[in-house]
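The following note is offered to a colleague who is meeting this structure for the first time. Its points are numbered and may be read alongside the sequence and the model.

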Amino acid sequence: MAEINPQAVHDEMVAIAYEAGRMILAANPADLDTGTKLNSVDIVTEADQAVEKMVSTRLANSFPSFSFMGEETYKPGMKLGPEPTFVVDPIDGTTNFIHSFPNACISLGLAVERSPAVGVIYNPWQDLLFTAIKGKGAYMTRIKGTTPQKLPLAKSPRPLQGIGTSLIAIEWGSGRDGPNFELKTDVFKKLAASRETGGSMVQSLRSLGSAALNTAAVAAGQLDAYWEGGCWAWDVCAGWCILTEAGGRMVSGNPGNWEPELESRVYLAVRGAPTGQTELVEEFWKVVGDRKMDYSV
């Protein structure tokens with residue numbers, strides 16, 4: 001197993017994130033070649049590929065014994081091993097990016113023994129940086145050079161008091177048909193509908209368009225929970241580390257699994273709170289019911 005200096009990894013990942021941010025801001029989405037993968041909403045651009053190449057090159061030079069898994073170089077069947085592995089999404093929120101909607105980021109994670117160990121998320125449009133090292137807490141820096149704020153942002157986080165008082169993040173995903181999509185839309189409806197009609201009537205639903213930024217917002221305490229199916233390890237690795245270091249918890253989006261694997265593809269992130277985490281998870285799982293999302297290939 002390669003020797004790991006988590007602080008050195010963190011510092012290099014932060015420097016890379018800022019460089020990636022400059023590249024992303026310099027790109028003009030209207031001038032980029034844009035392609036699709038699964039369908040018309042599963043998009044890749046020249047910028048995604050250029051950023052990932054820069055990231056993988058710098059990380060390989062700095063940590064040559066570590067492995068690398070990136071969204072744009074992923075091949076079907078690739079799996080995380082126990083060795084230290086960088087897990088990278090060069091632009092999480094590509095649809096936002098190509099529309100110049102300022103809510104996308106680079107997500108840089110380090111997994112060790114298939115578990116998140118270091119996480120860095122950077123939204124260059126807002127100059128918003130989230131970072132964490134396992135066992136050392138999570139932080140948010142609003143503008144480069146300013147003092148990082150420890151997460152969660154609230155000094156005394158409010159208890160979680162159930163779904164009905166919660167602000168919850170969701171995403172439509174790129175799969176827009178079939179049983180997974182039907183389950184998603186059914187749960188969305190149940191979450192939003194009034195209690196008189198059998199719903200949970202959450203305070204509201206949000207879609208930031210980026211799994212990493214959704215998870216970071218839960219870590220910060222700005223969202224109470226985030227439910228997702230269809231993500232990949234590079235979408236959640238960095239955010240997972242930041243979430244847990246901020247006192248939050250990641251469980252399966254499918255009922256019953258309190259300890260999901262990093263590559264499980266179905267997640268429920270819940271913010272840190274003095275009480276109510278377990279109860280909110282169990283209440284959410286009741287909304288999902290007996291059906292389960294299945295993204296096995």
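**Notes on the sheet, the domains and some local features**

1. Strand 7 and strand 8 form a hairpin, with four residues between them; in the turn, G135 has a positive phi of about 85°. Strands, like helices, are DSSP runs numbered from the N terminus (E, at least two residues, for strands; H or I, at least four, for helices). The model is a predicted one, in which local features need pLDDT of at least 70 and side-chain atom pairs count only at pLDDT 80 or more, while totals for chains, interfaces and linings use all residues. Residues are numbered from 1 along each chain as its sequence is written, and side-chain values use heavy atoms, with hydrogens and water left out.

2. The two arms of this hairpin, strand 7 and strand 8 (residues 138-141), pair in the antiparallel sense over four bridges. Pairing here requires that DSSP find at least two bridges between two strands. T131 stands opposite Y139 in strand 8, and L129 has T141 of strand 8 as its bridge partner.

3. Strand 8 is also joined to strand 9 by two bridges, and these strands run antiparallel. Here M140 stands opposite Q149 in strand 9.

4. The hairpin belongs to an open sheet of seven strands, in the order 3-4-5-6-7-8-9, with mixed pairing. Strand 3 and strand 9 (149-150) stand at the edges with a single partner strand each, so one side of each has no neighbour in the sheet.

5. How is the chain divided into domains? The assignment gives domain 1 (6-150) and domain 2 (163-288); such bounds come from an automatic or database domain assignment. The C-alpha centres of domain 1 and domain 2 lie 21 Å apart.

6. At the interface, 42 residues of domain 1 are in contact (heavy atoms within 4.5 Å) with 26 residues of domain 2. The area buried between the two domains is about 2,400 Å², and carbon and sulfur atoms give 68% of this. Buried area is the accessible area (1.4 Å probe) that two parts lose on being put together, summed over both. In domain 1, P116, I121 and F130 lose the most area to domain 2, together 21% of what that side buries.

7. Across this interface the rule finds zero salt bridges, a salt bridge being a side-chain nitrogen of Lys or Arg within 4 Å of a carboxyl oxygen of Asp or Glu. The elements that give two or more residues to the side of domain 1 that touches domain 2 are strand 3 (67-70), strand 4 (85-92), strand 5 (105-112), strand 6 (115-123) and strand 7 (128-133). Strand 6 supplies the largest share of that side, seven residues.

8. How many salt bridges does a search of the whole structure find? The search finds seven. In one salt bridge, the side chains of R58 and E12 meet at 3.0 Å, N to O. The pair links distant parts of the chain, with R58 in helix 2 (residues 46-62) and E12 in helix 1 (residues 6-26), 46 residues apart.

9. Two backbone features merit a check against the model. E113, in the loop between strand 5 and strand 6, has a positive phi of about 55° although it is not a glycine. The peptide bond from L151 to P152 is cis, with omega near 0°, and P152 lies in the loop between strand 9 and strand 10 (167-169). Most residues other than glycine have a negative phi, and most peptide bonds are trans.
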